[in-house]
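User: Hi! I'm new to reading protein models and would like to go through one with you. Could we take it step by step?

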Amino acid sequence: MTPSDAGDAGSTPDARPQDVRPVVEMTGISIEFPGVKALDGVDLRLLPGEVHALMGENGAGKSTLIKALTGVYGIDSGEILVDGEPHRFSGPGEAQAAGIATVYQEVNLCENLTVAENIMLGNEPRRFGAIDWPRTRRRAAEHLATMGLDVDPASSLGSHSIAVQQLVAISRAMVVDAKVLILDEPTSSLDADEVARLFAVVRRLRDQGVAILFVSHFLEQVFELADRMTVLRNGTRVGEYRTAEITRSELVSRMIGRSMEVLEDLEVRTEHTVDAAQGKPFVQAVGLGRRGSVQAFDLDVHEGEVVGLAGLLGSGRTEVARLLAGADRADTGTLSVKGTPTRLRTPRTAIGRRIAFSSEDRKAEGVVGDLTVRENIVLGLQAERGWLRPLPGKQVDEIVHRYIEALNIRPANPDALLRNLSGGNQQKVLLARWLATAPELFILDEPTRGIDVGAKAEIQRLVSDLAARGMAVLFISAELEEVVRLSHRIAVMRDRQKVAELTNTDSVGVDDVVELIASGGDR
Amino acid sequence: MTTLASSRRGAPSPGRVPSVGRRLRVDRRYLPVVGTLVVFVLLLVVGGARYDNFLSVGVLANLFINNAFLIVLAVGMTFVILTGGIDLSVGSVLALSGVTAAYLLQAGVPAGVVIPLVVLIGSLIGLLVGAMVHVFEVQPFIATLAAMFFARGLCFLVAPESIPIDDPTFVALASWDTWAGGQWRITSSVVIALVVVAVAFYLLHYTQFGRTVYAIGGGEQSARLMGLPVARTKVLVYVISGTCAGLGGLLFAMFSRSGYSLTGVGMELDAIAAVVIGGTLLTGGTGFVLGSVLGVLVLGLIQTIITFEGTLSSWWTKIVIGALLLVFVVLQRLLALRRS
């Protein structure tokens, strides 16, 4: 499928740059934040009827470039041409008026309103100056139908899955007859069927002549969907390529500035030695459960062992993590830490038992955006010492520099505000904060979600190293491949219940885990 | 019963378990308002059962007449709370508007000038608050707290003592009433309050401004990214609330035939209580202006019942309102929790 697609595309786009005028042409865009040069003279052009992928690691400047185009950020220098006319948008409203619509990773719609209201918000048809509700609902229903979406326009948006909300957001973009549709990580929380549905819609829009800017960390999806791509690295443009003319490994090495071999070196597979699983158990949960959250389960994590939690989204993976981390209180069962029965009432008691929990919701439950990298890293350590005994400045500097270097946090500036860092680097800072408290059990909930290949490999290696040094690790990820690669043992969750557990050997593969999830453990 | 409901619905969406709420066909968003309506009816039943002439039309008409100013305040407050903000200044602005009206009328300024002027004072203070909230990103709580002290201080600057109003035009307007069928007496203040409610309903549900108010309450960042005029709307809700407070001051002056700088102390809290009891979430985004009207009527009914009881001190009103408020807030929490 993909090669023939690319072959077809190969004949026409060659001529395109000469005949077809780009809808959007950005040249020499530079943006600087305090302490961070986010973009440095970046060019980007979008052609009508093409899907253009914007590629780069976390922190390469993809989000910043999008926000520059949509007027969320002002640009320090450079020029934006839309249909050949110079533009400088002062906000998303102006960009939309010029035909540039955006669908963000976190769906930016209002959950308190209905689907129809969200689609038409700001563009409702009027009669005698008043919103014409029957017509508004009808138009919304029409837009949903053209997307092939079968949802009740009068239902509240919050009652639908993220995938449907994502498609509703695209319907909304099409209400304004967008010439340019920007999709920022639209697939990061969708399953395979939902991705296929989204792509069908995107292709239809492309064929109608819409220019689509697509940002995703999933290389496969980019190669499946994009006609052309622009690669960014560290705020500068590496180049523009036709998808048909670049291989995956070439793309990756351009994104990270290292060759593929180096990257493969980073991709560790944990040694499945027997003795790792035979360290002393650090936590033992027996019949641990919480009503309405997860059914009673047994789980041990030994010292020096990585236990992977596999399962679909909403299968109860996070709920298990929260019970072990004291974020939720268990109704039933017992939990022993190093053989001593313990009740974890709050995360604070868990931290006192040397259990660290890195939440999947990095923004809300993890980092503090308005503090600097330095402050974020020492936050956990300082909290443990108590605020009356501040860490000596020299020690802080030493710790901060050690982790910035060890985890390759970029920019390597301890005084940069955390919210100015990219997602992957924020994640690294969060890990650094917990590592600084020297935990004995590290619970990692989706530490690699929404993170580029390079950072992902670094985090995987870190997990493997930590276990090798005797730390107990509970590793949760939606990417089964990653779970299988890193874990000594894998617990499988389904429908808020632990259904199976298997010891990982070299012969265990993703398929085995998938089968366990599908069969619910009784095969 | 079940078959009837499902046949009317046509094909229900697959994979959904029909719940009680679904069978009764009450949209979840209306549930809090329906709760308020139930309380209202219950209070009527209790009052009707205990006291002989409680359910007379006169009592009900008085409910509107005595609470017209509070209805207007609650309407303005609804706009602000829907955006997730709060307005603590309305009680003081109401007093300022009333005192200024009384003072100017006593000085011989014609009512035709005074009336629009005092309403504009409210709008102006609202505009100042809105500018503080928007331009300087001051928390609405703080900005309106400042406005509350500011307006209260201005009251004393205008006149520390109570000033009676005897301007003939104003008195004529205040005492105008009509019998709207049978025993229903409608005064000018009730007409004004109902017009305000109607205008607010239209604004919230039939204009882009109103939709933006709800969108901001649902998520300010989202609303901004959807390209809605967030800044303008945020300023406007405070202007509306201020205008309503100015108008409320006028209604209160008509009600009491005087202006006094100590009126309306704590009245902003009554307005907030009415809005919350009326089913509007303090977090914004959910609620209806008609719910707030119902909230005011519930507060008024409680007061009426306690007056009818005769032996109870009027402080019982506060105790009952407090208890009711608590029940409603807990109920809203439960609804929100069930949703998530």
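Analyst: Sure! Keep in mind that this is a predicted model. Let's start with two domains: the C-alpha centres of domain 1 of chain A and domain 2 of chain A are 26 Å apart.

User: Okay, so how many residues of domain 1 of chain A are in contact with domain 2 of chain A?

Analyst: First, find the two pieces: domain 1 of chain A is assigned as 2–99 + 178–258, and domain 2 as 108–174. On the domain 2 side, 9 residues take part in the contact. On the domain 1 side, the number is 8 residues.

User: Which helix gives the largest share of that domain 1 side?

Analyst: By class, the side of domain 1 of chain A that touches domain 2 splits into 6 nonpolar, 1 polar and 1 charged residue. The largest share of this side is 3 residues, and they come from residues 192–207 of chain A, helix H8.

User: Let's look at the whole of chain A. Why does its radius of gyration agree with a compact globule?

Analyst: Chain A has 21 helices and 22 strands, and its C-alpha atoms fill a box of roughly 70 × 50 × 50 Å along the principal axes. A compact globule with 523 residues would have a radius of gyration near 24 Å. Chain A agrees with that because its own value is 24 Å.

User: And where chain A meets chain B, which element of chain A gives the most?

Analyst: That contact takes 18 residues from chain A and 22 residues from chain B. In chain A, helix H4 (92–97) and strand S8 (130–131) each supply at least two residues of the side touching chain B. By class, this side of chain A has 8 nonpolar, 6 polar and 4 charged residues. The element that gives the most, with 3 residues, is H4(A).

User: Now chain B. Are H6(B) and H12(B) roughly parallel or roughly antiparallel?

Analyst: Two packed helices are described by the angle between their axes and the distance between the axes. Here, the axes of H6 (residues 111–135) and H12 (residues 230–256) of chain B come within 7 Å and cross at roughly 150 degrees. Angles over 145 count as roughly antiparallel. So H6(B) and H12(B) are roughly antiparallel.

User: Is that crossing left-handed or right-handed, then?

Analyst: Let's look at what the contact is made of too: the residues of H6(B) and H12(B) there divide into 19 nonpolar, 10 polar and 1 charged. As for how H6(B) passes H12(B), the crossing is right-handed.

Definitions and conventions. Residues are numbered from 1 along each chain as its sequence is written. Chains are lettered from A and ligands numbered from 1 in the order in which they are written. This is a predicted model: local features need pLDDT of at least 70, side-chain atom pairs count only at pLDDT 80 or more; totals for chains, interfaces and linings use all residues. Axes are lines fitted to C-alpha atoms, for helices over the stretch in contact, and angles run from 0 to 180 degrees between N-to-C directions. Helices (H or I, at least four residues) and strands (E, at least two) are DSSP runs, numbered from the N terminus. Angles under 35 degrees count as roughly parallel, over 145 as roughly antiparallel, 65 to 115 as roughly perpendicular and the rest as oblique. A crossing is left-handed if the near helix is turned anticlockwise from the far one by less than a right angle, and right-handed if clockwise. Ala, Val, Leu, Ile, Met, Phe, Trp, Tyr, Cys and Pro count as nonpolar, Asp, Glu, Lys and Arg as charged, and the others, Gly among them, as polar. Two residues are in contact if their C-beta atoms, placed from the backbone, lie within 7 Å. Domain bounds come from an automatic or database domain assignment. The radius of gyration is taken over C-alpha atoms; the globule rule is 2.2 Å times the number of residues to the power 0.38.
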